[in-house]
Amino acid sequence: MKLLVTGGAGFIGSNFARYILANHPDDSVVNLDALTYAGNLENLADVQDNPRYTFIHGDITSHRDISKAFREHPIDVIVNFAAESHVDRSLHMGPRAFIQTNILGTQLLLDAARKHKIQRFLQVSTDEVYGSLGPAGAFTEETPLQPNNPYAATKAGADCMVRAATHSHGLDCVITRCSNNFGPYQFPEKLIPLMISTALEDKPLPVYGDGLHVRDWIYVADHCAGIDAALRKGKSGEVYNLGGNYDVPNIQIVKGILKILSKPESLITFVKDRPGHDRRYAMNSSKAQHELGWKPAHHFEDALKTTVEWYVGHPAWWQRIRSGEYREAYEKLYGWRNEQCR
Ligand code: NAD
Ligand code: TYD
């Protein structure tokens with residue numbers, strides 16, 4: 001099978017490309033990525049000479065770039081990871097790029113999928129489309145879509161276009177909605193790699209609000225296995241929730257990282273909260289378990305340790321990102337949260 005993996009130079013996409021090449025010797029991967037600030041070819045340096053792997057520098061909002069991929073490769077399936085993926089950016093830099101890539105880009109890929117009559121389109125979505133939970137319960141695939149921030153709203157918009165492509169045009173589509181990922185190659189703007197890299201620099205760790213917001217955490221390899229299972233065994237038109245069964249307050253995650261690194265909790269700094277910050281996410285993934293035979297294989301504590309060790313062992317990877325141009329963009333983005341709340 002030939003997979004067109006969009007956004008394959010990002011965090012989850014690069015882990016997924018590597019996963020496919022390692023686990024399916026008859027498959028090949030075409031990685032179409034625009035190399036935005038979050039895309040990094042170093043993430044796939046170890047497979048760049050693999051004859052089953054090809055990189056195309058291209059944008060999913062460009063009809064021409066998508067056509068080029070199809071002209072040069074007999075694509076069987078699309079797995080769409082390409083996205084603007086960070087909530088804080090969608091709040092503080094504006095939603096334009098999110099609307100363009102996450103909604104328009106997804107639609108252009110759906111159009112190409114129909115035109116070229118591919119076998120399946122898999123949309124990589126997120127639990128954030130469901131909005132926030134009260135103190136009890138978990139998201140199921142039947143939970144109404146109630147996105148609360150611009151990132152989540154554009155992901156929900158994309159999910160609706162994918163659903164419409166199946167219902168209106170009979171395109172074979174599957175949507176996976178996953179919880180918060182962590183693991184190697186995650187851009188250090190997201191909670192876990194941000195806290196690891198900041199602690200390694202002995203700088204204050206910015207925890208939003210009271211630190212009691214709850215996320216469900218999943219190791220990236222488990223997410224990749226879930227997408228792979230949905231791609232091969234999922235039913236067309238269905239949505240599958242993929243969660244890590246580990247929903248805890250942010251402060252617990254941050255303290256866990258400090259403990260692994262033997263750094264003091266005095267580094268924790270409570271800062272001004274994210275506007276409209278969703279209080280709690282939790283996932284019910286029993287449908288994926290029953291229909292796809294999938295469940296997460298990694299224990300959170302072991303996977304967190306592996307992840308921390310990866311960042312400790314790859315300082316050049318994250319130090320380059322945290323210096324220079326990115327540093328300036330970061331200061332601009334996070335000026336709002338410099339205010340400490342206690
Ligand atoms: P990321 O930001 O690390 O990577 C995104 C990749 O997409 C980058 O390589 C970037 O260059 C590429 N890209 C962006 N715009 C593009 C465009 N217009 N054309 C082509 N490529 C483009 O993101 P991630 O964390 O790896 O997330 C991947 C996908 O998984 C996203 O769709 C995201 O919504 C979804 N998801 C992420 C999480 C998570 O915890 N990170 C959880 C659930 C779902
Ligand atoms: P994040 O990694 O941005 O993922 P998402 O917003 O998609 O869940 O944030 C995870 C949680 O961590 C979220 O509740 C916000 C919180 N957070 C902090 O407390 N401090 C930070 O510096 C960041 C980036 C996130």
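**Exercise 1. Find which atoms of ligand 2 pair up with His-277, Arg-274 and Glu-128, and at what distances.**

Start with His-277: an N or O atom in its side chain sits 2.7 Å from an oxygen atom of ligand 2. Keep in mind as you go that you're looking at a predicted model.

Next, take Arg-274. Here the gap between a side-chain N or O atom and an oxygen atom of ligand 2 is 2.6 Å.

Then try Glu-128, where a side-chain N or O atom is 2.3 Å from an oxygen atom of ligand 2. With a cut-off of 3.5 Å for a polar contact, each of these pairs counts.

**Exercise 2. Work out how much of ligand 2 the protein buries, and what surrounds this ligand.**

Begin with the ligand by itself: ligand 2 exposes 510 Å² when taken alone, and the protein buries 97% of that.

Now see which elements give two or more residues to the shell: they are α3 (87-92), α6 (191-200) and β8 (205-208).

The surroundings add up to 19 residues, and among those that come nearest are Leu-191 and Pro-206. Sort the shell by class and you get seven nonpolar, five polar and seven charged residues.

**Exercise 3. Describe the surroundings of ligand 1, from single contacts up to the whole shell.**

First, get your bearings: 29 residues surround ligand 1, with Asp-33, Asp-59, Ser-85, Tyr-151 and Lys-155 the closest.

Second, zoom in on some atom pairs. Gly-10 uses a backbone N or O atom, 2.9 Å from an oxygen atom of ligand 1. Ala-34 has a polar backbone atom 3.1 Å from a nitrogen atom of the ligand. Asp-59 brings in its side chain instead, with a polar atom 2.8 Å from a nitrogen atom of ligand 1.

Third, check the cover: on its own ligand 1 has 840 Å² of accessible area, and the protein covers 96% of it.

Fourth, look for the elements that give two or more residues to this shell: α1 (11-23), β5 (120-126), α5 (150-169) and β7 (180-182). β5 gives the most, with three residues.

Last, sort by class: 13 nonpolar, 12 polar and four charged residues make up the shell.

**Exercise 4. Describe how helices α2 and α4 pack.**

You'll want two values here, since two packed helices are described by the angle between their axes and the distance between the axes.

For α2 (residues 63-72) and α4 (residues 96-115), the angle is about 35° and the axes are 10 Å apart. Their crossing is right-handed.

Now for the residues: from α2, His-63, Ile-66 and Phe-70 meet Leu-108, Leu-109 and Ala-112 of α4. By class, that contact has five nonpolar residues, one polar and no charged ones.

Conventions: Residues are numbered from 1 along each chain as its sequence is written. Chains are lettered from A and ligands numbered from 1 in the order in which they are written. This is a predicted model: local features need pLDDT of at least 70, side-chain atom pairs count only at pLDDT 80 or more; totals for chains, interfaces and linings use all residues. Side-chain values use heavy atoms; hydrogens and water are left out. A residue is near a molecule or strand if one of its heavy atoms lies within 4 Å of it. A polar contact is a pair of N or O atoms within 3.5 Å; within protein, one must be able to donate a hydrogen and the other to accept it, and residues adjacent in sequence count only if both atoms are side-chain atoms. Accessible areas come from the Shrake-Rupley method with a 1.4 Å probe; for residues, only the protein chains shown count as cover. Helices (H or I, at least four residues) and strands (E, at least two) are DSSP runs, numbered from the N terminus. Ala, Val, Leu, Ile, Met, Phe, Trp, Tyr, Cys and Pro count as nonpolar, Asp, Glu, Lys and Arg as charged, and the others, Gly among them, as polar. Axes are lines fitted to C-alpha atoms, for helices over the stretch in contact, and angles run from 0 to 180 degrees between N-to-C directions. A crossing is left-handed if the near helix is turned anticlockwise from the far one by less than a right angle, and right-handed if clockwise. Contact means heavy atoms within 4.5 Å.
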